[in-house]
Structures are given as C-alpha cells and as structure tokens.
Amino acid sequence: MTQPKYFSTNGHLLLCQGQSCQQRDSVLLHKALWNWLEREGLAYYKQGGTVRLTQSGCLGACGSGPAVCAYRTRPEGGLEEGWYAAVDFPLALRLARTMHEGQPLPGEHRYGPEQ
C-alpha cells in the first residue's frame with residue numbers, strides 16, 4: 001500500500017459553513033482566502049507553505065458569523081487556539097499570515113475562553 005503524502009503545517013484554520021455563516025458569505029470568504037493562500041504560496045501543500053484551510057460545520061457564533069477557529073501546536077507543547085466571529089477578508093488574511101509566520105494570534109473579534 002502506498003503511504004499518503006504528509007504536509008507539515010504551522011496552523012489550521014477552520015472556516016464555518018453552517019447555515020447562518022453561509023448567509024453571511026462564508027462560502028465566498030472561504031473561496032477568496034483559499035485563492036489568496038494559493039497565490040501567495042502559503043497553502044500547506046505548496047513548497048514553503050504551511051497553512052491549512054478547511055470548511056467546518058457550526059462553530060457556535062451563529063448570530064455573528066462567519067466564524068473561524070485557528071489552532072496550532074505550540075513549540076513548547078500543547079495546543080494554541082483562537083475562536084473568531086464576524087471574520088472578514090482582512091482578518092482572515094491576518095490570521096493566515098500570523099499562522100504562517102508563527103506570530104501571536106490577533107485579539108480582535110475573538111470569542112470563547114482566553115488562552
């Protein structure tokens with residue numbers, strides 16, 4: 001059996017595609033962010049790319065979507081995560097860049113427990 005190919009990542013962005021988020025253009029946001037990751041070479045499977053983008057089910061911010069969960073493994077161990085509501089394209093870009101560069105996650109539009 002051939003082994004599946006593994007691509008290392010610096011982080012993973014889950015973009016909600018629940019009904020409420022779709023009504024707030026999460027499908028368009030996913031497509032735009034995916035195209036940007038591809039164009040900039042940041043998509044996890046590109047040479048030098050490290051960011052995964054995945055469509056997800058409901059992330060719990062139904063009244064203020066689109067919602068994004070950003071997570072990555074900390075260098076010292078453990079998981080770092082950030083939950084974001086009312087995500088627009090500029091914030092999605094900042095999340096992707098900070099994930100790729102290993103910088104601290106942005107604070108604006110966060111919801112849920114603080115890390």
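**Reading the sheet and its salt bridges**

Both R72 and E80 are buried. Keep that pair in mind while we walk through this predicted model.

Trainee: Where do I start with the sheet, and in what order do the five strands come?

Mentor: General idea first: strands of a sheet pair through backbone hydrogen bonds, either parallel or antiparallel. Here the sheet is open, with the order β2-β1-β3-β4-β5 and mixed pairing. At the edges sit β2 (51-56) and β5 (110-111), each pairing on one side only.

Trainee: In which sense do β3 and β4 pair?

Mentor: Antiparallel, over six bridges, with β3 covering residues 68-73 and β4 residues 79-84. To get the register, find V68: Y84 in β4 stands opposite.

Trainee: And what does helix α3 touch on the sheet?

Mentor: Helix α3 (residues 89-101) packs against β1, β2, β3 and β4, and its direction makes about 5° with that of β3. Now look at helix α2 (residues 26-40), which lies across β1 (11-16) and β2 and runs at about 165° to β2.

Trainee: How many salt bridges should I look for?

Mentor: Two, taking a side-chain nitrogen of Lys or Arg within 4 Å of a carboxyl oxygen of Asp or Glu. One is our opening pair: R72 and E80, with their closest N and O atoms 2.7 Å apart. In the other, R94 meets E108 at 2.4 Å between the closest N and O atoms.

Trainee: What does the pair R94 and E108 tie together?

Mentor: R94 is in helix α3 and E108 in the loop between α3 and β5, so the pair links parts 14 residues apart in sequence.

Trainee: Is R94 buried or exposed?

Mentor: In between: R94 is partly exposed, at 35% relative accessible area. E108 is also partly exposed, at 32%.

Terms used. Residues are numbered from 1 along each chain as its sequence is written. This is a predicted model: local features need pLDDT of at least 70, side-chain atom pairs count only at pLDDT 80 or more; totals for chains, interfaces and linings use all residues. Side-chain values use heavy atoms; hydrogens and water are left out. Two strands pair if DSSP finds at least two bridges between them. Helices (H or I, at least four residues) and strands (E, at least two) are DSSP runs, numbered from the N terminus. Contact means heavy atoms within 4.5 Å. Axes are lines fitted to C-alpha atoms, for helices over the stretch in contact, and angles run from 0 to 180 degrees between N-to-C directions. Buried means under 20% relative accessible area, exposed over 50%, partly exposed in between (1.4 Å probe, protein chains only).
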